[in-house]
Amino acid sequence: LPLGGLWFHTSLLSQFGSWPLLPTHLLFPGWAVSSSITSANPSPPDALLSWQQVPILLLAFLLLFLLYLLALRLLPSVINHRYILLSTLFFGVFYILFPVVTSPDIFSYISYARMGVLYHLNPLTTLPTAISTDPSYVHIYWNTQPSAYGPTWVAISCALQWLTLIFGAQTLLPIVLVLRLFGLAAHLCSTLLIWSIIGRLQRIQGQVSPYKRTLATLTFAWNPLLLLEACVNAHNDAPLLLLVLLVIWFLLP
């Protein structure tokens, strides 16, 4: 729903062409999309238009969660963990192709990574204003504070930025996609850990239930908001959650 009244931020996928917006044009023919996608100098939408289109967004979430709950009711008795992983990968790829982000934090990650890799500055002590000529700067919301995410995430994002330099230093789309892919990989690994942790807990308690194990894993893997945060906004909560689950896995007997 990258509609004109919904003030979403571009994910730069429009550089691939107009095809990422095809679902929008099919579902809402003739409706304008967010100016953040179509313009280099986007302007906020009219308040009346926003009030008209926000209920559509809420309805979309409602329908999505109803389908999610229906899947949790019907599927656990007929599927296995391999189906869960493959279907989650399938959904994740579609999330990665969202032409917008609902939070511009991903561009903050990118700007801090570019500070370290391209400008040899310390992202933990340097303000983004120091790289105001960088193409990532126009997409940043928090431009008056250094990285608040700690050295581990800075090191990870810098490594990912370094890997994407083969596509050029001035393009941001590769690092956007790589961060989204990294979020999807973290979510899939967390799903595997959930499956393993639940199996070990059931064996410890002597209450083995394949149905409950599948239900719990599916509940985590298909959660629309987890997928949104991991594969669209590429928030660092996804790898953080993976590390927390990994610690729990190691602490189990």
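Let's start with leucine 179. Outside its neighbours within four places in sequence, leucine 179 is in contact with Ile106, Tyr109, Ile110, Trp153, Leu160 and Ala234. Keep in mind that this is a predicted model.

Leucine 179 also turns up in the largest nonpolar core, which has 35 residues. Which members touch the most other members of that core? They are Tyr95, Ile106, Phe107, Ile110, Leu179 and Cys231. Several helices feed this core. At least two residues each come from α4 (81–96), α5, α6, α7 (173–205), α9 (224–232) and α10 (237–251). The largest share is from α7, with 12 residues. Another core lies apart from this one. That other core has nine residues, including Leu21, Ile37, Leu57 and Val100.

Now, two helix pairs. Two packed helices are described by the angle between their axes and the distance between the axes.

Pair one: α5, residues 105–118, and α6, residues 150–163. Their axes come within 8 Å and cross at roughly 75 degrees. That makes α5 roughly perpendicular to α6, because angles of 65 to 115 degrees count as roughly perpendicular. Who meets whom? From α5 we have Tyr109, Ile110, Tyr112, Ala113, Arg114, Gly116 and Val117. From α6 we have Trp153, Ser157, Cys158, Gln161 and Trp162. By class, the residues of this contact are eight nonpolar, three polar and one charged. Look back at leucine 179 here: among its contacts are Tyr109, Ile110 and Trp153. Those names also appear where α5 meets α6.

Pair two: α4 and α9. Here the axes come within 9 Å and cross at roughly 55 degrees. The two helices are therefore oblique to each other. The crossing of α4 past α9 is right-handed. On the α4 side, the residues are Thr88, Phe91, Gly92, Tyr95 and Ile96. They meet Pro224, Leu227, Leu228, Cys231 and Val232 in α9. How many charged residues does the contact of α4 with α9 have? It has no charged residues, with eight nonpolar and two polar. Two names should sound familiar. Tyr95 and Cys231 are among the residues touching the most other members of the largest core.

Last stop: threonine 214, in helix α8, residues 210–221. Is threonine 214 buried or exposed? Its relative accessible area is 4%. Buried means under 20%, so threonine 214 is buried. What does threonine 214 touch, not counting residues up to four places away in sequence? Pro76, Ile79, Ile84 and Trp195.

Key:
Residues numbered from 1 in each chain as written. Predicted model: local features only at pLDDT ≥ 70, side-chain atom pairs only at ≥ 80, totals over all residues. Heavy atoms only, no water. Axes fitted to C-alpha atoms, helices over the stretch in contact; angles between N-to-C directions. Helix = DSSP H or I, 4+ residues; strand = E, 2+ residues; numbered from the N terminus. Parallel < 35°, antiparallel > 145°, perpendicular 65-115°, else oblique. Contact = heavy atoms within 4.5 Å. Nonpolar A, V, L, I, M, F, W, Y, C, P; charged D, E, K, R; others polar. Core = buried A, V, L, I, M, F, W, Y, C linked by side-chain atoms within 4.5 Å. Buried < 20%, exposed > 50% of the residue type's maximum accessible area, 1.4 Å probe, protein only. Left-handed = near helix turned anticlockwise from the far one by under 90°.
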